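User: Please take a close look at the place where the chains touch. Once that part is clear, carry on into the chains on either side.

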Amino acid sequence: MSLTFLAPLFLLGLAAVAVPVIVHLVNRERRNAVAFPSLMFLRRVPFRSMSRQRIRHRALFALRILALALLALAFARPFVDRESRSLSASGAGPREVVVLLDRSYSMAYGDRWSRATAAAERAIAGVGTADRATLVLFDDEAVTAAGPTGDLAVVRAAIASSRPGAGSTRYAPALGVAQQLMDRAERPRREVVLISDFQRAGWDGQELPRLVAPATLSTIDVGDSATANSLVTGVDVTRDATDGVDRAIVAARVARKGDRAITGARATLEINGREVEAKPLTIPASGATSVIFAPVAVPDATTRGTVRVSGPASDDRLPVDDVFHFVIATAQVVNVLLVESPGASASRTMFLPRALGIGESPSFRVVQRRLDNVTAADVDAARVVFLHGPGMPSGAVGDRIRALVRGGGGLIVALGENSGTRAWSGTSELLPGSVGEIIDRSGERGGTMGSLDRNHPALESFRAARSGDFTSARYLRYRSLSPGSSDAVLARYDDGSVALAERRVGDGRVLVFTSTFDGYWNDLPVQPVFLPLIQSLVRHAAAWTAQPSSHTVGQVMALTEPGAGGELLAVSPSGERTRWSETDSIRSLALREQGFYEIRDANAVAASRTIAVNPDVVESELGSFPADELARAVSPAAGAATTAAGFTTLSVAEREKRQTLWWYVLVLALLLLAAESLLSNRLSRAARRDVAPASARMNHA
Amino acid sequence: MFTGRGQAAGAGTGFIDPRVLAKIDNLELLARTVVEGFINGLHRSPNLGASMDFAEHRSYMPGDDLRRIDWRLYGRSDRYFVKEFEADTNTNLLILLDVSASMDFGSGAVTKLQYAKYLASCLGYFSSRQRDRLGLVTFVDRIVDYVPPSAKHLRIVLQTIARATASGQGSIDTALRQIAEFARRRQIIVIISDLYDDPERVVRAVARLRNRGNDLIVLQVLDPAELDLPFDEASNFEDMETGESIPVVPELLREQYRTLMQEHTATLARMMREERIDYALFNTDQPLDHALFAYLADRQRLSRIR
């Protein structure tokens, strides 16, 4: 039970007691200003005799001060709070303590981690048997490592077994978990302890989950004021096959954080775990440099590469980011079977092979056949079949093409003179619409491309402004195409006829271009846009996606590569295994560790795919922000209502009942003011009686 | 030398009360009222010159006017002596009137400035009657008005005195330095001020003029309230010149103030006397002619001793 105030701001009114002091001390002497020729002699008299500080009428003075103080107290609405013990967050009672421990890889800098764990130990040291403690480890995701529990040994063990990971700092998930724990807490006193190095990169000032009263947040900053760190920020792999041997040229970007340059360091390149080259390295303070290694021959299998920076330990106290892993994949080739009409001349079949022969990433291996000599084996070896002019092959070849498309392969059709309606009989499930008659626009000097869906994945490479001028080509002839309701139209001519359409069949894609690529029906092959258009269409039909040489910790990968239909197994760098059965519809892998992940068929021994994972370099920016900023951003708002479970919230009427005390204080203040008036009048009359003779004396003088 | 009216001064009756004088607007009339009856020649010219009053004999020096040789004495002593005479008139009288803000103080019928104006007018009228050349300087910490000495300047001097108002901060030292620059001719200088300054500085400033051969008369004018501090109420006392204000409880420091004031006037009187400068203190509740008579009588007496 304690005395508290409903409107404590009114207590500022206590400052008004200074008014009587001023009135009694200062104004009393300012009533009559006497003009005097010179203060020369008055100033020589010692000051003490002027009696400035003497308070006259002490009783009146005391009355005024007391009345004003009581008025201020009355307006502050005092009331006796009988339940303050249970309502107060800072009072006595069982505690709910949540320790948020940052385990991002920047916490591995120097002795930060040992200081952080020591701080966590101290934070739970005072937790008793009636209290409960929870340990939450966080980087870019938050995990409850121990608790809520009253058993300190469990929490201590969790602290001791935790290590900094490879993730980067994000405060929002951790504070979200803390708030959830606070919401479920049953103890009246709720404390959140945030232990971190408070990296600037971890919080960009965005809104964070705000704790709700009575939870309180305290921060422990284990960061360092001065930092020294070297890191590999990235690796570029360039392929070189000019002399027939596939080589990779590795260039690493190395950066230095801090105000001290580093000399005498080494950058080493490892291929498949074996060091192949080391180079001396000098990095300027707060600068960066690049290291280019000699070309290395790439074997057929996927090659693991690692670039390391090493130097004096005192110059680099964060070893995690000194290593950068990457993968040199085998040359990515898309096999294309190009089927021409039987009687097509060489001048009509030259454009497509040349356009596809230039590609590097991926490169295209083109097998060119006439319709009359194409075989089923040719189709089996292809990823994409390109029917340039003829209709659908009949027999086994046609069946293989259908199977290819359903299995995830691609079919591209360019309609020509020989691909009329009859050429497509029995293929209605493949083509995006029904093929019609030839539209001849040579009389009007040909038509142009009218509209293009540049947002479609097949034309995505032309999405940028002024990329791909499709209007310069003239189309003299093309076939009409009536697409179905489920077919996508990618391009139309200026008369509205369909130029390019797509249909998804099974896992594969069928693209139909209603004119030719031979330079007869149009002049598209001699336009600059021809080559990127053809390559883009083939890449899309082949469902090809570029495989990056490395990934970042925190990314989630969808395992959608061909052949991933069976049971899959992923092995992390630390040996942790993740399995997906055939029936799993969602196959995604969260990359949490630094190193190489292996993905393979659960029954196979060799890895079908290797993924290199590196920490986010943003975490290597060790600059910090004041912990107070974050504490202010997430601390409970002033005056927030206490709505947590287990707490009694009084209604307005109940509060009014308990506040009758201020009435008595107000009445007492008014009584004192009345007494003050009486006394003041009496003293004024006495003063007037005294003043009259004095004035008379003055006039007489 | 004094009239019967002046002799009556000793009895304290027959003098004109300052409150009566305050009702006379015309300064010339006022001065005439006060001075009437004074005789000529109360002061002597500091210059030796041609007049009927013999001063002394001295030995003949080559170049002296032969007409001034006293042949009778030569007959008796067989030596050449020259007769010297006092120039008893046509001297300059320069009145220096303090018009600083502190002179505006008055607890009775007249302020110090009004009283000082009466004094200056009377002295001016008085000297003009003797055919002296009359000049006036009003000053604060600088010269406010200057009327050069002339036998015809009585009207101008009286008008200037009538027009003078009290304002500004006074500094007798600074003002007398400026006056010393142009008052090169030997003359009688009358300083009328309340002399609120360090006595040493006042005397040093006045002595500077005296050392140039001038005959100095210092008249200090003070109000009775300045001398006695008769106030009862604790108040803020505001300096009329600086505007500075300090809280004062008069009843507690009256005695100390009086002592300090008396010491001040006594020190001034002593130091002036040591410097052979005429000094008189005028209380504004004293009749003006009484004060003048008393002072002039003293001066006459002292001049004989000298």
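Analyst: Two strands count as paired if DSSP finds at least two bridges between them. The elements themselves are DSSP runs numbered from the N terminus, with helices being H or I over at least four residues and strands being E over at least two. This is a predicted model, so here's the fine print: local features need pLDDT of at least 70 and side-chain atom pairs count only at pLDDT 80 or more, while totals for chains, interfaces and linings use all residues. Residues are numbered from 1 along each chain as its sequence is written, and chains are lettered from A and ligands numbered from 1 in the order in which they are written.

Now to the part you asked about. Strand E2(A) and strand E8 of chain B (residues 235-239) are joined by four bridges and run parallel. One pair to look for is A:Phe36, whose bridge partner in E8(B) is B:Asp239.

Stepping back to the whole contact, chain A puts in 24 residues and chain B 31 residues; for two residues to be in contact, their C-beta atoms, placed from the backbone, must lie within 7 Å. On the chain A side, two or more residues each come from helix H1 (18-30), strand E2 (33-36) and helix H14 (661-700). E2(A) gives the largest share of that side, four residues. Sorted by class, the chain A side has 14 nonpolar, four polar and six charged residues. In that sorting, Ala, Val, Leu, Ile, Met, Phe, Trp, Tyr, Cys and Pro are nonpolar, Asp, Glu, Lys and Arg are charged, and the others, Gly among them, are polar.

From there, into chain A. It has 14 helices and 33 strands, and 35% of its 701 residues are buried. Buried here means 20 or more other C-beta atoms within 10 Å of the residue's own, exposed means 12 or fewer, and partly exposed is in between, with C-beta atoms placed from the backbone. Of the contacts in chain A with a separation of 6 or more, 76% are between residues 24 or more positions apart.

A good strand to follow is E26(A), residues 508-513, where six of its six residues are buried. A:Gly508, A:Val510 and A:Val512 point one way and A:Arg509, A:Leu511 and A:Phe513 the other way, all of them buried. E26(A) runs parallel to strand E20 of chain A (residues 410-415), joined by five bridges, with A:Ile412 opposite A:Leu511. It also pairs with strand E25 of chain A (residues 498-505), this time antiparallel over six bridges, and there A:Arg503 has A:Val510 as its bridge partner. E25(A) and E26(A) make a hairpin with two residues between them, and A:Gly506 in the turn has a positive phi of about 60°.

For a helix, try H2(A). Its 18 residues (58-75) should span 26 Å at 1.5 Å a residue, and its end C-alpha atoms are 26 Å apart, which agrees; the expected span is 1.5 Å times one less than the number of residues. Its buried residues include A:Leu63, A:Arg64, A:Ala67 and A:Leu68. After H2(A) comes A:Arg77, with a positive phi near 55°.

Over to chain B, which has eleven helices and ten strands, with 39% of its 306 residues buried. Six of its strands form an open sheet in the order E5-E4-E3-E6-E7-E10, with mixed pairing. Strand E5 (143-150) and strand E10 (278-283) of chain B are the edges, each with a single partner strand, so one side of each has no neighbour in the sheet. On average, neighbouring strands of this sheet are turned by 15° against each other, direction ignored.

Within that sheet, strand E3 of chain B (residues 92-98) pairs in the parallel sense with strand E6 of chain B (residues 188-193) over five bridges, and B:Leu94 sits opposite B:Ile189. Helix H6 of chain B (residues 154-163) packs on the sheet, touching E3, strand E4 (133-139) and E5 of chain B, and its direction makes about 20° with that of E4(B). Helix H8 of chain B (residues 199-210) packs on the sheet too, touching E6 and strand E7 (215-222) of chain B, at about 150° to the direction of E7(B). For these angles, axes are lines fitted to C-alpha atoms, for helices over the stretch in contact, and values run from 0 to 180 degrees between N-to-C directions.
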